[in-house]
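Me: Could you take a close look at how the helices pack in this model? I'd like the contacts spelled out, and then a few words on the loops and cysteines around them.

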Amino acid sequence: MQSETRTILGKVPELTLLFWVIKIVATTLGETAGDAVTMSMSLGYLVGTAIFMAIFIGAVAAQIKADKFHAPLFWFVIVATTTAGTTLADFFDRSLGIGYAGGATLLAAMLAGSLLWWYRSLGSVSINRIDSGKAEVFYWMTIMFSQTLGTALGDWFADPGKGLGLGYQGSALVFAAGLAVIATLYFWTRASRTALFWAAFILTRPLGAAVGDFLDKPVANGGLAMSRYSASACLALFIVGCIVFVRQRAERIEVRNT
(Lines give C-alpha, C1' and ligand atoms only; values in the text may rest on other atoms or scores of the structure.)
Protein backbone atom coordinates (compact mmCIF):
# COMPACT_ATOMS: atom_id res chain seq x y z
CA MET A 1 0.00 0.00 0.00
CA GLN A 2 1.48 3.35 -1.05
CA SER A 3 1.56 6.15 1.51
CA GLU A 4 -0.26 9.34 0.54
CA THR A 5 1.22 12.81 0.87
CA ARG A 6 -0.20 16.24 1.51
CA THR A 7 1.32 19.65 0.79
CA ILE A 8 2.06 22.21 3.51
CA LEU A 9 4.21 25.34 3.76
CA GLY A 10 7.73 24.48 4.86
CA LYS A 11 10.41 26.43 6.71
CA VAL A 12 12.65 27.17 3.72
CA PRO A 13 12.00 29.86 1.07
CA GLU A 14 10.56 29.18 -2.35
CA LEU A 15 13.22 28.74 -5.02
CA THR A 16 13.01 31.94 -7.03
CA LEU A 17 15.56 34.20 -8.70
CA LEU A 18 15.66 36.24 -5.47
CA PHE A 19 16.63 33.14 -3.52
CA TRP A 20 19.68 32.57 -5.69
CA VAL A 21 20.65 36.26 -5.69
CA ILE A 22 20.59 36.38 -1.88
CA LYS A 23 22.40 33.03 -1.71
CA ILE A 24 25.29 34.33 -3.85
CA VAL A 25 25.52 37.56 -1.85
CA ALA A 26 25.38 35.58 1.41
CA THR A 27 28.25 33.38 0.28
CA THR A 28 30.24 36.46 -0.67
CA LEU A 29 29.53 37.88 2.79
CA GLY A 30 30.70 34.61 4.30
CA GLU A 31 34.03 34.98 2.53
CA THR A 32 34.66 38.58 3.56
CA ALA A 33 33.35 38.17 7.12
CA GLY A 34 35.23 34.92 7.67
CA ASP A 35 38.48 36.49 6.45
CA ALA A 36 37.81 39.56 8.60
CA VAL A 37 37.78 37.41 11.74
CA THR A 38 40.62 35.04 10.87
CA MET A 39 42.94 37.47 9.04
CA SER A 40 42.06 41.08 9.86
CA MET A 41 41.50 40.28 13.55
CA SER A 42 44.38 37.76 13.45
CA LEU A 43 42.40 35.13 15.36
CA GLY A 44 43.44 32.31 13.03
CA TYR A 45 41.42 29.63 11.27
CA LEU A 46 40.88 27.32 14.25
CA VAL A 47 39.54 30.03 16.54
CA GLY A 48 37.47 31.52 13.72
CA THR A 49 35.96 28.11 12.97
CA ALA A 50 35.12 27.58 16.65
CA ILE A 51 33.36 30.96 16.81
CA PHE A 52 31.33 30.51 13.66
CA MET A 53 30.48 26.87 14.36
CA ALA A 54 29.06 27.90 17.73
CA ILE A 55 26.94 30.55 16.00
CA PHE A 56 25.87 28.02 13.37
CA ILE A 57 24.79 25.41 15.92
CA GLY A 58 22.77 27.97 17.87
CA ALA A 59 21.15 29.33 14.71
CA VAL A 60 20.25 25.86 13.42
CA ALA A 61 18.71 24.96 16.77
CA ALA A 62 16.52 28.07 16.55
CA GLN A 63 15.60 27.29 12.94
CA ILE A 64 14.57 23.72 13.76
CA LYS A 65 12.57 24.89 16.78
CA ALA A 66 10.68 27.47 14.70
CA ASP A 67 7.18 26.46 13.67
CA LYS A 68 7.18 28.19 10.28
CA PHE A 69 9.37 30.00 7.76
CA HIS A 70 11.03 33.17 9.04
CA ALA A 71 13.16 34.82 6.34
CA PRO A 72 15.56 36.65 8.74
CA LEU A 73 16.25 33.46 10.69
CA PHE A 74 16.68 31.29 7.60
CA TRP A 75 19.16 33.67 5.97
CA PHE A 76 21.02 34.17 9.23
CA VAL A 77 21.60 30.40 9.32
CA ILE A 78 22.77 30.47 5.69
CA VAL A 79 25.26 33.24 6.48
CA ALA A 80 26.40 31.26 9.52
CA THR A 81 27.06 28.21 7.33
CA THR A 82 29.01 30.20 4.79
CA THR A 83 31.20 32.01 7.34
CA ALA A 84 31.88 28.76 9.17
CA GLY A 85 32.51 27.09 5.81
CA THR A 86 35.06 29.76 4.92
CA THR A 87 37.12 29.36 8.08
CA LEU A 88 36.78 25.55 8.12
CA ALA A 89 37.91 25.19 4.51
CA ASP A 90 40.87 27.49 5.14
CA PHE A 91 41.76 25.41 8.20
CA PHE A 92 41.70 22.19 6.14
CA ASP A 93 43.57 23.67 3.17
CA ARG A 94 46.18 25.72 4.99
CA SER A 95 46.53 24.87 8.68
CA LEU A 96 46.42 21.10 8.11
CA GLY A 97 48.73 21.44 5.11
CA ILE A 98 46.74 19.19 2.77
CA GLY A 99 46.40 21.88 0.10
CA TYR A 100 43.43 22.90 -1.99
CA ALA A 101 43.16 19.63 -3.90
CA GLY A 102 43.35 17.57 -0.72
CA GLY A 103 40.88 19.79 1.10
CA ALA A 104 38.41 19.80 -1.80
CA THR A 105 38.64 16.01 -2.12
CA LEU A 106 38.07 15.47 1.60
CA LEU A 107 35.14 17.88 1.69
CA ALA A 108 33.59 16.39 -1.45
CA ALA A 109 33.71 12.98 0.23
CA MET A 110 32.06 14.42 3.35
CA LEU A 111 29.33 16.05 1.26
CA ALA A 112 28.70 12.82 -0.67
CA GLY A 113 28.59 10.90 2.61
CA SER A 114 26.06 13.37 4.04
CA LEU A 115 23.78 13.06 1.01
CA LEU A 116 24.05 9.27 1.02
CA TRP A 117 23.30 9.05 4.74
CA TRP A 118 20.32 11.36 4.29
CA TYR A 119 18.99 9.35 1.35
CA ARG A 120 19.43 5.99 3.05
CA SER A 121 17.75 7.27 6.21
CA LEU A 122 14.75 9.08 4.71
CA GLY A 123 14.59 7.97 1.07
CA SER A 124 14.92 11.45 -0.42
CA VAL A 125 17.28 14.45 -0.39
CA SER A 126 14.73 16.81 -1.95
CA ILE A 127 13.93 20.11 -0.25
CA ASN A 128 10.30 19.29 -1.01
CA ARG A 129 10.48 16.46 1.53
CA ILE A 130 11.90 18.27 4.57
CA ASP A 131 8.99 17.21 6.73
CA SER A 132 10.65 16.37 10.06
CA GLY A 133 13.30 17.54 12.48
CA LYS A 134 15.56 14.72 11.31
CA ALA A 135 15.24 15.85 7.70
CA GLU A 136 16.09 19.41 8.77
CA VAL A 137 19.24 18.20 10.53
CA PHE A 138 20.35 16.40 7.36
CA TYR A 139 19.47 19.48 5.28
CA TRP A 140 21.61 21.84 7.33
CA MET A 141 24.47 19.37 7.71
CA THR A 142 24.56 18.94 3.93
CA ILE A 143 24.44 22.70 3.42
CA MET A 144 27.38 23.15 5.79
CA PHE A 145 29.47 20.62 3.85
CA SER A 146 28.46 22.17 0.51
CA GLN A 147 29.43 25.66 1.70
CA THR A 148 32.78 24.42 2.96
CA LEU A 149 33.49 22.51 -0.25
CA GLY A 150 32.55 25.57 -2.30
CA THR A 151 35.06 27.70 -0.41
CA ALA A 152 37.83 25.20 -1.07
CA LEU A 153 36.95 25.03 -4.77
CA GLY A 154 36.87 28.81 -5.11
CA ASP A 155 40.31 29.19 -3.53
CA TRP A 156 41.72 26.29 -5.53
CA PHE A 157 40.64 27.72 -8.87
CA ALA A 158 41.73 31.29 -8.08
CA ASP A 159 45.05 30.98 -6.23
CA PRO A 160 47.96 31.72 -8.63
CA GLY A 161 50.54 30.12 -6.36
CA LYS A 162 49.12 26.86 -5.03
CA GLY A 163 45.95 26.59 -7.09
CA LEU A 164 44.95 26.60 -10.74
CA GLY A 165 45.80 30.27 -11.12
CA LEU A 166 42.62 31.49 -12.82
CA GLY A 167 42.44 34.56 -10.63
CA TYR A 168 39.36 35.88 -8.90
CA GLN A 169 37.63 37.18 -12.02
CA GLY A 170 38.50 34.09 -14.04
CA SER A 171 37.22 31.77 -11.32
CA ALA A 172 34.02 33.78 -10.98
CA LEU A 173 33.42 33.44 -14.73
CA VAL A 174 33.99 29.66 -14.60
CA PHE A 175 31.50 29.13 -11.79
CA ALA A 176 29.00 31.57 -13.30
CA ALA A 177 29.22 29.57 -16.53
CA GLY A 178 28.57 26.40 -14.54
CA LEU A 179 25.46 27.97 -13.03
CA ALA A 180 24.33 29.01 -16.52
CA VAL A 181 24.62 25.38 -17.65
CA ILE A 182 22.53 24.26 -14.67
CA ALA A 183 19.90 26.91 -15.47
CA THR A 184 19.79 25.67 -19.07
CA LEU A 185 19.29 22.10 -17.89
CA TYR A 186 16.54 23.26 -15.54
CA PHE A 187 14.54 25.13 -18.17
CA TRP A 188 15.17 22.92 -21.21
CA THR A 189 15.50 19.37 -19.93
CA ARG A 190 13.87 16.98 -17.49
CA ALA A 191 17.01 16.51 -15.43
CA SER A 192 16.45 15.77 -11.76
CA ARG A 193 15.40 18.97 -9.99
CA THR A 194 16.95 17.70 -6.77
CA ALA A 195 20.32 17.06 -8.43
CA LEU A 196 20.23 20.46 -10.14
CA PHE A 197 19.39 22.19 -6.86
CA TRP A 198 22.35 20.72 -5.00
CA ALA A 199 24.68 21.34 -7.95
CA ALA A 200 23.61 24.99 -8.06
CA PHE A 201 23.83 25.31 -4.30
CA ILE A 202 27.41 24.03 -4.34
CA LEU A 203 28.51 26.22 -7.29
CA THR A 204 27.13 29.44 -5.83
CA ARG A 205 29.61 29.11 -2.95
CA PRO A 206 32.86 29.19 -4.97
CA LEU A 207 31.36 32.00 -7.03
CA GLY A 208 30.83 33.93 -3.82
CA ALA A 209 34.32 33.01 -2.61
CA ALA A 210 35.88 34.36 -5.81
CA VAL A 211 33.83 37.57 -5.68
CA GLY A 212 34.57 38.05 -1.99
CA ASP A 213 38.30 37.64 -2.53
CA PHE A 214 38.13 39.99 -5.52
CA LEU A 215 36.60 42.66 -3.29
CA ASP A 216 39.07 42.54 -0.41
CA LYS A 217 42.37 41.20 -1.73
CA PRO A 218 45.23 43.63 -2.59
CA VAL A 219 45.32 45.21 -6.03
CA ALA A 220 48.70 43.56 -6.64
CA ASN A 221 46.97 40.18 -6.24
CA GLY A 222 44.11 41.04 -8.59
CA GLY A 223 41.65 42.38 -6.02
CA LEU A 224 40.03 45.74 -5.28
CA ALA A 225 41.64 46.12 -1.83
CA MET A 226 38.36 47.00 -0.09
CA SER A 227 38.25 46.80 3.68
CA ARG A 228 36.84 43.42 4.74
CA TYR A 229 34.69 45.21 7.28
CA SER A 230 33.29 47.67 4.71
CA ALA A 231 32.65 44.93 2.14
CA SER A 232 30.92 42.76 4.76
CA ALA A 233 28.75 45.67 5.92
CA CYS A 234 27.64 46.49 2.36
CA LEU A 235 26.80 42.88 1.59
CA ALA A 236 24.91 42.47 4.87
CA LEU A 237 22.88 45.61 4.18
CA PHE A 238 21.96 44.29 0.73
CA ILE A 239 20.67 41.03 2.24
CA VAL A 240 18.73 42.88 4.93
CA GLY A 241 17.20 45.12 2.27
CA CYS A 242 16.07 42.12 0.24
CA ILE A 243 14.50 40.52 3.31
CA VAL A 244 12.74 43.71 4.43
CA PHE A 245 11.47 45.02 1.10
CA VAL A 246 10.79 41.84 -0.90
CA ARG A 247 8.38 39.26 0.48
CA GLN A 248 9.58 35.67 0.27
CA ARG A 249 7.12 32.81 0.32
CA ALA A 250 7.75 29.49 1.98
CA GLU A 251 8.50 26.44 -0.14
CA ARG A 252 5.69 23.90 -0.42
CA ILE A 253 6.66 20.70 1.32
CA GLU A 254 5.28 17.21 0.67
CA VAL A 255 4.40 15.57 3.98
CA ARG A 256 3.68 11.85 4.28
CA ASN A 257 0.33 11.01 5.85
CA THR A 258 0.60 8.64 8.79
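Reply: What follows goes through two helix pairs, then some single residues.

A bit of housekeeping: this is a predicted model, so local features need pLDDT of at least 70 and side-chain atom pairs count only at pLDDT 80 or more, while totals for chains, interfaces and linings use all residues. Residues are numbered from 1 along each chain as its sequence is written, and side-chain values use heavy atoms, with hydrogens and water left out.

Let's start with α5 (residues 133–158) and α7 (residues 193–216), whose axes come within 7 Å and cross at roughly 45°. Helices here are DSSP runs of H or I with at least four residues (strands are E runs of at least two), numbered from the N terminus. The axes are lines fitted to C-alpha atoms, for helices over the stretch in contact, and angles run from 0 to 180 degrees between N-to-C directions. That angle is why α5 and α7 count as oblique to each other; under 35 degrees is roughly parallel, over 145 roughly antiparallel, 65 to 115 roughly perpendicular, and the rest oblique. The crossing of α5 past α7 is right-handed, the label used if the near helix is turned clockwise from the far one by less than a right angle, with anticlockwise being left-handed.

Who touches whom? On the α5 side, the residues in contact include Tyr139, Ile143, Leu149 and Leu153, along with Gly150 and Gly154. Across from them, α7 brings residues including Trp198, Phe201, Ile202, Arg205 and Asp213. Contact here means heavy atoms within 4.5 Å. This α5–α7 contact splits into nine nonpolar, six polar and three charged residues (nonpolar: Ala, Val, Leu, Ile, Met, Phe, Trp, Tyr, Cys and Pro; charged: Asp, Glu, Lys and Arg; polar: the others, Gly among them).

Now for α3 (residues 71–95) and α4 (residues 99–122): they pack at about 135°, with axes 8 Å apart. So α3 and α4 are oblique to each other too, and α3 passes α4 in a right-handed crossing. Ala89, Phe92, Asp93 and Arg94 of α3 meet α4 residues including Gly99, Tyr100 and Leu107. The α3–α4 contact holds six nonpolar, two polar and two charged residues.

On to the loops. Most residues other than glycine have a negative phi. Ser42, in the loop between α1 (17–40) and α2 (44–65), has a positive phi near 60°, and Ser42 is exposed at 59% relative accessible area. (Buried is under 20%, exposed over 50%, partly exposed in between, with a 1.4 Å probe and protein chains only.) Ala225, in the loop between α7 and α8 (228–245), also has a phi near 60°, and Ala225 is partly exposed at 42%.

Within α2 sits Ile51, partly exposed at 36% relative accessibility. Leaving out residues up to four places away in sequence, Ile51 touches Val37 and Leu43.

As for the cysteines, there are zero disulfides, a disulfide being a pair of cysteine sulfur atoms within 2.5 Å. For Cys234, the nearest cysteine sulfur, that of Cys242, is 14 Å away. Cys242 itself is buried, at 10% relative accessibility.
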